[in-house]
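Here is a walk through how one fold is put together, piece by piece. Keep the structure open while you read.

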Amino acid sequence: LIWPSLNGPLDVTTWGINMRLDPRRNITEKRLLLSPSRFELEERNILQACLVPGDRFVDVGANIGAYTMWVAKIVGPNGKGIAIEPQPTVLARLRANVALNLDFKVQIFACGAGPVTASMTMSIGSTRRR
């Protein structure tokens, strides 16, 4: 019922985080919009139990930044969420979501991550361009 009338992203607050979500773009945005309380609950419970204020958290493949900002909220102003995202269109949405949450301490790296310093060509499948 939602999709036919959806012309663009929706501004929502979930997990105490302001986000601009377009559920037509990727599965993460769809799940965060439709079932945020159940979205990766086991992983979030583990992180909640392990993280304390002042910690640093590195989110490799940060996507739109939901985990990065959720963790930044937990670790507080003396901690930091570090988001690594190489995909340009997803990176733009990550930056937009971080800009909606200026109280969270987040640093973004527009690159991939690996064991060596190198340059590579990223290939994005036609169904993953959004």
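The buried residues of H1 pack against strand S1 (10–14), S2, H3 and H4. Helices (H or I, at least four residues) and strands (E, at least two) are DSSP runs, numbered from the N terminus. This is a predicted model, where local features need pLDDT of at least 70, side-chain atom pairs count only at pLDDT 80 or more, and totals for chains, interfaces and linings use all residues. Residues are numbered from 1 along each chain as its sequence is written, and side-chain values use heavy atoms, with hydrogens and water left out.

So which residues of helix H1 (residues 27–34) are buried? They are Thr-28, Glu-29 and Leu-32, where buried means under 20% relative accessible area, exposed over 50% and partly exposed in between (1.4 Å probe, protein chains only). Looking down the axis of H1, these buried residues fall within an arc of 95 degrees, so they line one face of the helix; the arc is that of the directions from the helix axis to the C-beta atoms. At the start of H1, a side-chain oxygen of Asn-26 comes to within 3.0 Å of the backbone nitrogen of Thr-28.

Now for Leu-32. Setting aside residues up to four places away in sequence, Leu-32 touches Thr-14, Trp-15, Met-19, Leu-21, Phe-39, Ile-64 and Ala-66, with contact meaning heavy atoms within 4.5 Å. In the largest nonpolar core, which has 26 residues, Met-19 and Leu-32 touch the most other members. Strand S2 (17–21), helix H3 (66–75) and helix H4 (88–99) are the elements that give two or more residues to this core, and H3 gives the most, with eight residues. A nonpolar core here is a set of buried Ala, Val, Leu, Ile, Met, Phe, Trp, Tyr and Cys residues joined through side-chain atoms within 4.5 Å. In soluble globular proteins, nonpolar side chains tend to be buried together.

Here is how four residues compare for burial.

| Residue | Where | Relative accessibility | Class |
|---|---|---|---|
| Thr-68 | helix H3 | 0% | buried |
| Trp-15 | loop between S1 and S2 | 14% | buried |
| Asn-63 | loop between strand S3 (56–60) and H3 | 21% | partly exposed |
| Leu-10 | strand S1 | 31% | partly exposed |

Leaving aside neighbours within four places in sequence, Thr-68 is in contact with Asp-59, Ala-62, Gly-81, Ile-82, Ala-83 and Val-106. By that rule, Leu-10 is in contact with Met-19, Arg-20, Leu-21 and Leu-33. The C-alpha atoms of Leu-10 and Leu-33 are 8.9 Å apart, with their positions 23 residues apart along the chain.

The two loop residues have a backbone quirk. Trp-15 has a positive phi of about 60 degrees although it is not a glycine, and Asn-63, also not a glycine, has a positive phi of about 55 degrees. Most residues other than glycine have a negative phi.

Last, the aromatics. Ring pairs link Trp-15, Phe-39, Tyr-67 and Trp-70 into a cluster. Rings of Phe, Tyr and Trp (its six-membered ring) pair if their centres lie within 6.5 Å. By this rule there are three aromatic pairs. The charged end of Arg-44 sits over the ring of Trp-70, 5.7 Å from its centre; that calls for NZ of Lys or CZ of Arg within 6 Å of the ring centre and within 35 degrees of the ring normal.

Note on methods. Phe/Tyr/Trp six-rings, centres within 6.5 Å; stacked < 30°, edge-to-face > 60°. Polar contact = N/O pair within 3.5 Å; in protein donor to acceptor, adjacent residues only side chain to side chain.
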